[in-house]
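Please look over the sequence and the three-dimensional structure shown here, and then follow the report below, which moves from one pair of strands to the whole chain.

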Amino acid sequence: MVVQGVLVRNASHANPEDHEYLVTIEDGLPHSCPCPADEHHQGACKHRVAVAIRTPVLEAARNAQRIQRLRTSGVQATATPPAP
Ligand SMILES: [Zn+2]
């Protein structure tokens with residue numbers, strides 16, 4: 001299975017670089033996050049929620065998965081040019 005991730009940075013912290021979490025996407029939905037909150041609490045942490053409510057980000061991750069799947073399955077696009 002192709003696992004894609006979205007990097008979520010909490011910019012409200014003094015050191016945003018220390019608060020970056022790679023939320024993994026599975027089946028087009030935020031699946032897991034390496035942050036302590038996601039590990040110790042039930043339900044989605046704020047990073048997963050942040051990915052879920054930002055549809056363009058989620059869409060981009062979905063599309064990236066789709067493209068990767070096509071590449072790995074060896075599917076080749078065929079196009080027939082219109083007859084002159
Ligand atoms: Zn998290």
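Arg9 stands opposite Glu20 in S2, and this is a convenient place to start reading a model that is predicted. The strands S1 and S2 pair in the antiparallel sense over six bridges.

**The sheet**

Three strands form an open sheet in the order S1-S2-S3, with antiparallel pairing. S1 and S3 are the edge strands, since each of them pairs on one side only, and the twist from one strand to the next averages 45°. S2 and S3, which run antiparallel, are joined by three bridges, and two of the bridge partners can be named: Thr24 has Ser32 in S3 as its partner, while Glu26 has Leu29 in S3.

S2 and S3 form a hairpin with two residues between them. One residue of the turn, Asp27, has a positive phi of about 55° although it is not a glycine. Is Asp27 buried or exposed? A residue counts as exposed if 12 or fewer other C-beta atoms lie within 10 Å of its own, and Asp27 is exposed because it has 8 such atoms within 10 Å.

**Two faces of S2**

In a regular strand the side chains alternate between the two faces of the sheet. S2 shows this alternation, for Tyr21, Val23 and Ile25 point to one face and are buried, while Glu20, Leu22, Thr24 and Glu26 point to the other face and are not buried. Ile25, one of the buried residues, is in contact with Gln4, Gly5, Val6, Pro30, His31, Ala61 and Gln65, when its neighbours within four places in sequence are left aside.

The largest nonpolar core has ten residues, namely Val6, Val8, Tyr21, Val23, Ile25, Cys33, Cys35, Cys45, Val51 and Ala61. The elements that give two or more residues to this core are S1 and S2, and S2 gives the most, with three residues.

**The helices**

The table lists the helices with the residues that they span.

| Helix | Residues |
|---|---|
| H1 | 36-40 |
| H2 | 46-53 |
| H3 | 55-73 |

Which residues of H2 are buried? They are His47, Arg48 and Val51, and because they cover an arc of only 100° around the axis, they lie on the same side of H2. An α-helix has 3.6 residues a turn, so residues three or four places apart point the same way. The buried residues of H2 pack against the strands S1, S2 and S3 and against the helices H1 and H3.

H3 lies across S1 and S2, and it runs at about 155° to S1. Ala60 has its place in helix H3, and the C-alpha atoms of Ala60 and Val6 are separated by 9.4 Å, although these residues are 54 residues apart along the chain. Is Ala60 buried, exposed or partly exposed? A residue counts as buried if 20 or more other C-beta atoms lie within 10 Å of its own, as exposed if there are 12 or fewer, and as partly exposed in between; Ala60 is partly exposed because it has 14 other C-beta atoms within 10 Å.

**The whole chain**

With these parts in view, the chain can be described as a whole. The protein has three helices and three strands, and, read along the sequence, it follows the pattern β-β-β-α-α-α. Of its 84 residues, 15% count as buried. Among contacts between residues at least 6 apart in sequence, 31% join residues at least 24 apart.

The UniProt record, which is an unreviewed entry, places the feature "domain: SWIM-type" at residues 21-56. Over residues 21-56 the chain is 42% helix and 28% strand, and the C-alpha atoms at the two ends are 18 Å apart.

Definitions and conventions: Residues numbered from 1 in each chain as written. Predicted model: local features only at pLDDT ≥ 70, side-chain atom pairs only at ≥ 80, totals over all residues. UniProt positions renumbered as here; feature names shortened; annotations may be inferred. Helix = DSSP H or I, 4+ residues; strand = E, 2+ residues; numbered from the N terminus. Arc of directions from axis to C-beta. Contact = placed C-beta atoms within 7 Å. Pairing = 2+ DSSP bridges. Axes fitted to C-alpha atoms, helices over the stretch in contact; angles between N-to-C directions. Core = buried A, V, L, I, M, F, W, Y, C linked by C-beta atoms within 7 Å.
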